[in-house]
Amino acid sequence: MELDALVATTTPFLIVEHVAQMRAMYETAVALTVQFENIPRVAPRDRIELVKLTEGFWHVTVHFGFVQIPDIPAALRQAKDRGCPIDLEDAIYFGSRDAVVCSKRRSWLVRVSLRLFALMFRNSVRTVDLFNIPPENFVEVGRQIEI
């Protein structure tokens, strides 16, 4: 796969928006993908896929089994050991969280169902808790999605 195509398919929307709005990029940036496999456990030696997309920009895919508790800082330490220049002490984690809002154009019954879904979605597990990310290093960017 060509580098431009690889960057276009692996760069999360959040990074693209951040660079577009801030007109700046960190010296080292890591696009992280967490993938849960259909097996109970993924061995540590098979957990990390590391790709250097361009100077200072890396893509790390972390694989976990469906019974494993994901630990992103531990996975990033493993990526650092494999050559990714991550400064884990000063790392800033960016994540997105969407807020679901109900469209007024829906029927009454659909709106009630969607409000229940929005309530459950809003009360779901937070990223920092699910992935063991230090809360003081986590920036959550939100947007509203009307359904």
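This note sets out numbered points on the fold, the sheet, the core and a few individual residues of a predicted model.

1. Overall composition. The protein contains five helices and five strands. Followed along the sequence, these elements appear in the pattern α-α-β-β-β-α-β-α-α-β. Among contacts in the protein with a separation of 6 or more, 69% are between residues 24 or more positions apart.

2. Surface and burial. Of the 147 residues of the protein, 30% count as buried. The accessible surface comes to about 10000 Å². Carbon and sulfur atoms account for 56% of that surface.

3. The sheet. Three strands form an open sheet in the order β1-β3-β2, and their pairing is mixed. The edge strands are β1 (29-36) and β2 (48-54), each of which pairs on one side only. On average, neighbouring strands of this sheet are turned by 15° against each other, direction ignored. As general background, strands of a sheet pair through backbone hydrogen bonds, either parallel or antiparallel.

4. The parallel pair. Strand β1 pairs with β3 (residues 57-64) in the parallel sense, over eight bridges. One example can be located by residue: Gln35 has His63 in β3 as its bridge partner.

5. The antiparallel pair. Strands β2 and β3 run antiparallel and are joined by six bridges. Here Lys52 has Trp58 in β3 as its bridge partner. The two strands β2 and β3 form a hairpin with two residues between them. In the turn, Gly56 has a positive phi of about 85°.

6. A salt bridge at the hairpin residues. How many salt bridges does the structure hold? The structure holds one. It joins Lys52 and Glu55, whose closest N and O atoms are 3.3 Å apart. As to burial, Lys52 is partly exposed, with a relative accessible area of 44%. Glu55 counts as exposed because its relative accessibility is 67%, and the cut-off for exposed is over 50%.

7. Burial of β3. Is strand β3 enclosed or open? Eight of the eight residues of β3 are buried, so this strand is largely enclosed by the rest of the structure. The side chains divide into two sets: Phe57, His59, Thr61 and His63 point one way from β3, whereas Trp58, Val60, Val62 and Phe64 point the other way. The residues of both sets are buried.

8. The helix on the sheet. Helix α3 (residues 72-81) packs on the sheet and touches β1, β2 and β3. The direction of α3 makes about 65° with that of β2.

9. The nonpolar core. The largest nonpolar core has 17 residues. Those with the most contacts inside this core are Ile48, Val62, Ile72, Ala79, Tyr93 and Ile133. The elements giving two or more residues to the core are β3 and α3. In general, nonpolar side chains tend to be buried together in soluble globular proteins.

10. Ile72 in detail. Which residues does Ile72 touch, not counting residues up to four places away in sequence? They are Leu32, Val34, Phe64, Tyr93, Phe131 and Ile133. Of these, Tyr93 and Ile133 are also listed among the residues with the most contacts inside the core.

11. Asn137. This residue is found in the loop between α5 (127-130) and β5 (138-146). Asn137 counts as buried because its relative accessible area is 17%, and the cut-off for buried is under 20%. Not counting residues up to four places away in sequence, Asn137 touches Glu89, Ala91, Ile92 and Tyr93.

12. Arg111. Helix α4 (residues 108-122) contains Arg111. At 22% relative accessibility, Arg111 counts as partly exposed. Leaving aside neighbours within four places in sequence, Arg111 is in contact with Cys102, Ser103, Lys104 and Arg106. Arg111 and Val101 are 10 residues apart in sequence, and their C-alpha atoms are 9.5 Å apart in space.

Technical notes:
Residues are numbered from 1 along each chain as its sequence is written. This is a predicted model: local features need pLDDT of at least 70, side-chain atom pairs count only at pLDDT 80 or more; totals for chains, interfaces and linings use all residues. Side-chain values use heavy atoms; hydrogens and water are left out. Two strands pair if DSSP finds at least two bridges between them. Helices (H or I, at least four residues) and strands (E, at least two) are DSSP runs, numbered from the N terminus. Axes are lines fitted to C-alpha atoms, for helices over the stretch in contact, and angles run from 0 to 180 degrees between N-to-C directions. Contact means heavy atoms within 4.5 Å. Buried means under 20% relative accessible area, exposed over 50%, partly exposed in between (1.4 Å probe, protein chains only). Accessible areas come from the Shrake-Rupley method with a 1.4 Å probe; for residues, only the protein chains shown count as cover. A nonpolar core is a set of buried Ala, Val, Leu, Ile, Met, Phe, Trp, Tyr and Cys residues joined through side-chain atoms within 4.5 Å. A salt bridge is a side-chain nitrogen of Lys or Arg within 4 Å of a carboxyl oxygen of Asp or Glu.
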